[in-house]
Amino acid sequence: MTQPSQQPQPQQQPGQPGRPGPPPAGGATAQPEEAEKLRDLLRTPGYLKTLLFCGLVGVPVSLAAFWFLAGLHSLERLMWADLPQALGHDTPPWWWPLPLLLVAGVCVGQIVTRFPGAGGHIPASGLHAGGLGSAALPGVVLAAVFSLPLGAVLGPEAPLIALGGGLAILFRHLAGSPETPLSAVLLGAAGAAAAVSAIFGNPLVGAILLMELAGVGGPRLFTVMLPALLSSGIGSLVFTGFDRWTGLGTGSLSMKLGVPAPRLDSGDVLWSFLLGAAVAVGVHLIQYGGRLTAVRVAKRPLIVTAVCGLATGVCAAAYTLITDRTPVDVASSGQATLAELAADPHAWSVGALVAVLVWKGIGYSLCLGSLRGGPIFPALFLGAAAGVLLAPLPGLSIVPGLAAGMAAAATAALRLPVSSVLLVVLVLGSTAMIPVAIIAAVVAFVTTALMPAGPAVPPVGTVPPVATASP
């Protein structure tokens, strides 16, 4: 038989319509395209000017952050140490948190309903990289002043982020710099990174936290990363120098361990899986309660915020009556108490650890939906307390329990596993516990993602006016 003649087939060109060629190995074409976009961006005069301005903004923002933190620290010491001692008490009595937190709830309720920006983002909605302009700064500062020094179970990081971003935008207006959508995003990120690096004492933490919050990749990642790194680095230098020059205290996140850090073994690794899941469930339930509280506050902000403040004071008072310990263990961000726990974990009985987890967890949930502040520090303390409580389990040591508990709690509260692990390394001052911290963070992230999120938190600015508040 005669075979049909073979017709030459046209060669397929890669990328030709209808005739796809072999895929480039390892994304060989995608990477040059991404790199070219980045080069084009860096050649843009407007971006380079914005980058330079971001570096300059780090100086005044870090100074503002320093005085903000120093003022909060001085007010907290006045309320919880100087005034009780002036009244003849070595430590705050059990009833001390009740009037302070009632005042906090009443004042924050007024600020939320009467000031632009409603005093800042609601803590139950998590951290935010921006979104508040310079007009919201007075309300943000006042809400933080009436929340944190008076005993709110929150930290200063969220007001710092809002303060840094708002000041950066304000400085751009004062300098008469042209406004573009890109410059607004970059300046907001740079100002927030410069401010938040002050509380963590490390410019890398602030930059990574802001980049992970932004959730960008590719060329956009470098677009945000460069000004955030530059501003946080310059701001950290200024903040450190000013801190040494004035001698004023602003609080420190680092802590000294009172027990030796052991070498990790199989027991520590196995328990970190279970500890990560358990802590994630607990913190998620706390945040769920915070979201429910935020929904109720949005309906009747003045009354419910005051009630939440008073109820948080009741939690601190009940803890003191039960354990005979200071109410500061509950009515505070937990930053100073975390250092005390790490320095002498054996000073805490099992009953005290259980009580502080219960009462501080309830107060944390109430404050997340009503007062103003950040979610990081209470979560770190609760995770550390859970780790110390479970440390007597066979095969688990105290320091690995601390690391796994803090990493899991921070991840469950922030949904930022990389920043959470970096925070734990910074707090412990060592990289020895990184494996258990990573395991606990990953397990906590997956566990939290699989659980129901709860009701949506009302956006900032949707609080009804006083005259039309829902009955």
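**Figure 1. Residue A118 in the loop between α3 and α4.** A118 is placed in the loop that runs between α3 (97-114) and α4 (137-147); helices (H or I, at least four residues) and strands (E, at least two) are DSSP runs, numbered from the N terminus. The structure is a predicted model, in which local features need pLDDT of at least 70 and side-chain atom pairs count only at pLDDT 80 or more, whereas totals for chains, interfaces and linings use all residues. Residues are numbered from 1 along each chain as its sequence is written, and side-chain values use heavy atoms, with hydrogens and water left out. Although A118 is not a glycine, its phi is positive, at about 55°. A118 is buried, with a relative accessible area of 4%; buried means under 20% relative accessible area, exposed over 50%, and partly exposed in between (1.4 Å probe, protein chains only).

**Figure 2. Residue D324 in the loop between α10 and α11.** The loop that holds D324 runs from α10 (301-323) to α11. D324 is not a glycine, yet its phi is positive, at about 65°. With a relative accessible area of 71%, D324 is exposed.

**Figure 3. The salt bridge of R325 and D329.** The closest N and O atoms of R325 and D329 are 3.0 Å apart. A salt bridge is defined as a side-chain nitrogen of Lys or Arg within 4 Å of a carboxyl oxygen of Asp or Glu, and by this rule the count comes to 1. Side chains of opposite charge can pair when their charged atoms come close. R325 counts as partly exposed, at 22% relative accessibility, whereas D329 is buried, with a relative accessible area of 2%.

**Figure 4. The largest pocket and its lining.** Rolling a probe the size of a water molecule over the atoms shows where empty space is left. Pockets are found on a 1 Å grid over the protein atoms alone: a cavity is a set of points where a 1.4 Å probe fits but cannot get out, while a pocket is an open set with protein on both sides within 12 Å along at least five of seven lines, and lining residues have an atom within 4 Å of a point. The largest pocket holds about 660 Å³ of space; grid points are joined across faces, edges and corners, and the volume is the space filled by probe spheres set on the points. Its lining consists of 31 residues, and H73, E76, R77, V328 and A336 lie nearest the centre. Two or more lining residues come from each of the elements α2 (45-86) and α11 (335-343), and α2 gives the most, with 9 residues. By class, the lining has 14 nonpolar, 12 polar and 5 charged residues, where Ala, Val, Leu, Ile, Met, Phe, Trp, Tyr, Cys and Pro count as nonpolar, Asp, Glu, Lys and Arg as charged, and the others, Gly among them, as polar.

**Figure 5. Surroundings of E76 in helix α2.** At 30% relative accessibility, E76 counts as partly exposed. Residues up to four places away in sequence not being counted, E76 touches A81, P149 and S332; contact means heavy atoms within 4.5 Å. E76 and G151 are 75 residues apart in sequence, and their C-alpha atoms are 8.1 Å apart in space.

**Figure 6. Surroundings of G105 in helix α3.** G105 counts as buried, at 0% relative accessibility. Its contacts, neighbours within four places in sequence left aside, are T305, A306, G309 and L371. Between G105 and L371, which are 266 residues apart along the chain, the C-alpha separation is 6.9 Å.

**Figure 7. Surroundings of A190 in helix α6.** Helix α6 spans residues 181-200. A190 counts as buried, at 0% relative accessibility. Beyond its neighbours within four places in sequence, A190 is in contact with C54, P227, A228 and S231. The C-alpha atoms of A190 and L51 are 9.1 Å apart, with their positions 139 residues apart in sequence.

**Figure 8. M406 in the largest nonpolar core.** This core has 102 residues, of which F200, Y364 and M406 touch the most other members. Helix α14 (residues 398-414) gives the most to the core, with 13 residues. A nonpolar core is a set of buried Ala, Val, Leu, Ile, Met, Phe, Trp, Tyr and Cys residues joined through side-chain atoms within 4.5 Å. Apart from neighbours within four places in sequence, M406 is in contact with M255, L338, L380, G383, A384, V424, V427 and L428. Across the protein chain of 471 residues, 49% count as buried.
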